[in-house]
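Q: Hey, have you got a few minutes to go through this model with me?
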Amino acid sequence: MAPEAKTVTVATWPSCPPRLLRTASGVEGATEYAAAGGYQPLPDPEEFLAEVQRSGLLGRGGAAFPLGVKLRSVRDGGLRGRDTVVVANGEEGEPASVKDRWLLRNRPHLVLDGLRIAAATVGAHRAYVYVSDAWAARSVDNALTELGPEVLGELSITVFTVDAGYVAGEETAAVQAINGGPAKPTDKPPRPYQQGIGTLPTLVSNVETLANLPYLQRHGADAFRTIGTATSPGTFLATVSGGGRPPVLYELPHGLTIAELLSAHGVATEQVRGVLMGGYFSGLLNRDALQTTLDHESLRASGSGLGCGAISVLTDECPVAVAASVLAYFGRENAGQCGSCFNGTVAMAAVAEVLRDGVATTEDVQRLQRWAGALPGRGACGTLDGATNVAASLLTRFPDLVARHLDGACDVCGDGAFRAERPYEVEEVTA
């Protein structure tokens, strides 16, 4: 059994004025966006960079890397007499996440405003919006036709489209694709801030991350930090799916508990078997994590992560079967260029599938445990790490369920195991 892909709606959080979402229907045009305070005169680069660093804004693409550090690294490259480039990364590889597509489709000017502020901060005259979604590409193209030199100045912005793929959104894959190669990750170093588009220092930043910059310009770091936690300030976009409920894209303050979110989403906590965190990357959590708060520090301490903010709740589904589907996805979607990843993801998926089907042996599970401990960090990108996160979290957080599957006694899978090529995928996004 597998749930059908659903259309997501948007929702804000009580007592948390939205900074990124808007509940009005339709695409926000340039005139409407500017009337609400957008496209302010560009700030002084050094002063604004200091404000970004004070804000503590972390990247929203998955790694949670401080944006101020990225901006400083690329700007320093430009100050040494080199041109710089900025890329708004909207290639949303996680099937359970829709936040970037929603922003690009519905609030393209918010993204473009953040992109031009980032470009001015690092001294770039060339920028790209990197996407695979045709709807998003059209929306951004249309938005660009509304803008003149009074907004963009000397900045040239190009919409660059690629075929969708889990690895295509990795920052070095974006650089390689724009440089004319395949959208596949490359070895690091060099990292894009050192040598990116056309070998120039390049800022590759997630669409949601850049969309925070107009708020920071207008209101400053202190206002930005009034919501969230000390180490995870501000709001974040969360795609919440599963639990027999229609998926919703929320704008949330960091620091809520998982239980609070699921209650607001209409899922009774006593029905929860587990949670798939951070899209497919951060692995599974069991019921013990319901009181964990949604911020990077707390989730990292629990052995998981917020990732891209996609949260899928398991109620009727068996975590073993969900893990098998996710691992099979990694086995299909790996870039096919690192032997450890190509062979490791396929091997882990094979064990998870026989475990799901109740025909695995103790030796199979021991191999899965060994691979989950030995393979992290061996690939050029995070695909292998994501797969090992799923495998390790299944074994450590659901040992009794794994044991029942070894005995062929899972009552949930006995009635028809969960199977999905792209688990908890959300295909369509509406305003």
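A: Sure! Let's fix the element names before anything else: helices (H or I, at least four residues) and strands (E, at least two) are DSSP runs, numbered from the N terminus. Also keep in mind that this is a predicted model.

Q: Good. Where is Tyr-39, then?
A: Tyr-39 sits in the loop between α1 (30-35) and α2.

Q: And what about phi of Tyr-39?
A: Phi there is near 55°, which is a positive value in a residue other than glycine. In general, most residues other than glycine have a negative phi, and most peptide bonds are trans.

Q: Speaking of peptide bonds, which bond is cis, with omega about 0°?
A: The bond that joins Lys-188 and Pro-189 is cis, and its omega is about 0°. There is also a cis bond from Pro-189 to Pro-190, with omega near 0°.

Q: Where does Pro-189 lie?
A: In the loop between α8 (171-178) and β5. Pro-190 is found in the loop between α8 and β5 as well.

Q: Let's switch to helix packing. How do α2 and α3 cross?
A: The axes of α2 (residues 45-55) and α3 (residues 67-79) come within 8 Å and cross at roughly 155°. The two helices are therefore roughly antiparallel to each other, and α2 passes α3 in a left-handed crossing.

Q: Which residues make that contact?
A: On the α2 side, Pro-45, Glu-46, Leu-49, Val-52 and Gln-53 take part, and they meet Leu-67, Gly-68, Leu-71, Arg-72, Arg-75 and Leu-79 of α3. By class, the α2 and α3 contact has six nonpolar, two polar and three charged residues.

Q: Then α5 and α10: at what angle do their axes cross?
A: For α5 (residues 108-122) and α10 (residues 213-224) the crossing is at roughly 70°, and the axes come within 7 Å.

Q: Why call α5 and α10 roughly perpendicular?
A: Angles of 65 to 115 degrees count as roughly perpendicular, and the crossing of α5 and α10 is at roughly 70°, so the two are roughly perpendicular to each other. In α5 the contact involves Leu-110, Asp-113, Gly-114, Ile-117 and Ala-118, while α10 brings Leu-213, Pro-214 and Gln-217. That gives five nonpolar, two polar and one charged residues in the α5 and α10 contact.

Q: Now the empty space. What volume does the largest pocket have?
A: About 1,200 Å³. It is lined by 46 residues, and the closest to its centre are Gly-61, Gly-62, Ala-63, Glu-170 and Glu-171.

Q: Which elements give two or more residues to the lining of that largest pocket?
A: Those are α3, α4 (99-106), β5 (202-206) and α16 (383-397). The pocket lining divides into 16 nonpolar, 18 polar and twelve charged residues.

Q: And how many cavities of 30 Å³ or more?
A: The count is two cavities of 30 Å³ or more. The largest cavity holds about 90 Å³ of space. Of its 14 lining residues, Ala-335, Cys-338, Cys-341, Ala-380 and Cys-381 are the closest to the centre.

Q: Which helices supply at least two residues each to the lining of the largest cavity?
A: α14 (339-356) and α16 each do. By class, the lining of the largest cavity has nine nonpolar, five polar and no charged residues.

Q: What lines the second largest cavity?
A: Gly-59, Arg-60, Glu-208, Phe-236, Leu-237, His-254, His-296, Leu-306, Gly-307, Cys-308 and Gly-309 line it. About 50 Å³ of space lies in this second largest cavity, and its lining has four nonpolar, five polar and two charged residues.

Note on methods:
Residues are numbered from 1 along each chain as its sequence is written. This is a predicted model: local features need pLDDT of at least 70, side-chain atom pairs count only at pLDDT 80 or more; totals for chains, interfaces and linings use all residues. Side-chain values use heavy atoms; hydrogens and water are left out. Axes are lines fitted to C-alpha atoms, for helices over the stretch in contact, and angles run from 0 to 180 degrees between N-to-C directions. Angles under 35 degrees count as roughly parallel, over 145 as roughly antiparallel, 65 to 115 as roughly perpendicular and the rest as oblique. Contact means heavy atoms within 4.5 Å. Ala, Val, Leu, Ile, Met, Phe, Trp, Tyr, Cys and Pro count as nonpolar, Asp, Glu, Lys and Arg as charged, and the others, Gly among them, as polar. A crossing is left-handed if the near helix is turned anticlockwise from the far one by less than a right angle, and right-handed if clockwise. On a 1 Å grid over the protein atoms alone, a cavity is a set of points where a 1.4 Å probe fits but cannot get out, and a pocket is an open set with protein on both sides within 12 Å along at least five of seven lines; lining residues have an atom within 4 Å of a point. Grid points are joined across faces, edges and corners, and a volume is the space filled by probe spheres set on the points.
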